Amino acid sequence: MGRGRYVEAATYEGVEKVSGVVVTPEDLEIHIVARYPLPRPIPEIAESIRERVAPEAGGRRTMVVVDDLEVAEDESL
Amino acid sequence: MRVFNRIFVVLLLAGLFVLGVYLVVYAFDLFGYSLDSLPISDFSSGLEEFVTGVENSNLSVITVTILVLLAVVGLLWFIAELRPTAPRRVRMGNGTYVSRGVVEEEVATVAEQVSDVLGSSVNVRARRSPGALVDLEARVRRGENLETIKSGLQSTVREHLSGRGLPVSKLNVRLVEADPRQTKTRVQ
């Protein structure tokens with residue numbers, strides 16, 4: 001999950017903090033970090049996440065934000 | 001505008017605070033200061049002259065110029081306040097966004113892989129509609145064929161970004177001839 005670039009992207013519920021998801025009464029923001037090698041173009045990855053999450057968002061406007069791209073660590077090293 | 005507004009309001013409030021302190025000091029005759037000692041008579045007579053000039057339509061050219069300038073500044077400020085702020089993220093599709101930093105990194109990475117480019121700096125702006133406005137400044141050696149490098153660089157960056165699916169609405173490439181000793185890369 002992404003953490004936001006300028007302001008931390010997180011939701012606080014009691015003592016619990018969920019990083020990478022910002023829930024407001026109207027909006028739902030999901031922040032992600034995509035990892036190379038990318039299986040599909042970035043918009044497709046973001047759209048597939050949005051399609052999966054939107055039905056569970058309780059009518060909130062759902063947005064997926066790609067915060068960063070990172071190179072996957074080679075596990076054989 | 002938000003930063004400007006904040007600075008302006010802070011300065012305005014600081015000024016009002018200082019004026020308030022002065023007012024208290026002078027109003028209660030503290031530290032030997034009293035309202036009688038204030039040179040208000042000059043100010044009030046000047047104000048009276050100005051108001052009389054306005055009523056008689058008899059203002060000096062300088063005064064009219066200053067008033068017109070104030071009106072223009074006020075109008076420009078008003079328009080600037082009405083303009084919506086630029087979005088922070090690049091819109092890809094309906095409800096999907098990518099941060100400007102991601103686009104900047106991708107553009108810089110692919111630009112610096114081009115053999116003639118010794119270094120680059122990228123500025124990405126977002127728009128309300130899909131696609132980013134990209135300004136790419138690439139540093140190249142002196143004496144190179146700039147047109148060839150520019151067109152090659154443009155097509156390479158566009159191809160790379162479209163492969164990643166990152167939408168670009170405008171790509172401005174500017175080549176700057178630089179000394180290799182002062183660039184990020186000396187030899188490609």
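In what order do the elements of chain A run from the N terminus on? In this predicted model, the order is β-β-β-β-α-β. Chain A thus described holds 1 helix and 5 strands.

The C-terminal part of that pattern forms a defined unit. Strand β4 (residues 27-36) of chain A, helix α1 (residues 42-53) of chain A and strand β5 (residues 61-71) of chain A make a β-α-β unit, and this unit is right-handed. The two strands, β4(A) and β5(A), pair in the parallel sense. Their pairing extends over 10 bridges. Within it, A:E29 has A:M63 of β5(A) as its bridge partner.

β5(A) also pairs across the chain boundary. Its partner there is strand β2 (residues 96-99) of chain B. This pairing is again in the parallel sense and covers 3 bridges. A:V64 stands opposite B:T96 of β2(B). β5(A) is therefore bridged both to β4(A) and to β2(B), given that a pair of strands needs at least two bridges.

Chain B comprises 5 helices and 5 strands. Along the sequence, its pattern reads α-α-α-β-β-α-β-β-α-β.

Burial and contact range were computed for each chain. In chain A, 21% of the 77 residues are buried. In chain B, buried residues make up 17% of 188. Of the contacts in chain A between residues at least 6 apart in sequence, 54% join residues at least 24 apart. For chain B, residues 24 or more positions apart account for 60% of the contacts with a separation of 6 or more.

Key:
Residues numbered from 1 in each chain as written. Chains lettered and ligands numbered in written order. Predicted model: local features only at pLDDT ≥ 70, side-chain atom pairs only at ≥ 80, totals over all residues. Helix = DSSP H or I, 4+ residues; strand = E, 2+ residues; numbered from the N terminus. Buried ≥ 20, exposed ≤ 12 C-beta atoms within 10 Å, placed from the backbone. Contact = placed C-beta atoms within 7 Å. Right-handed = clockwise from strand over helix to strand, strands pointing away.
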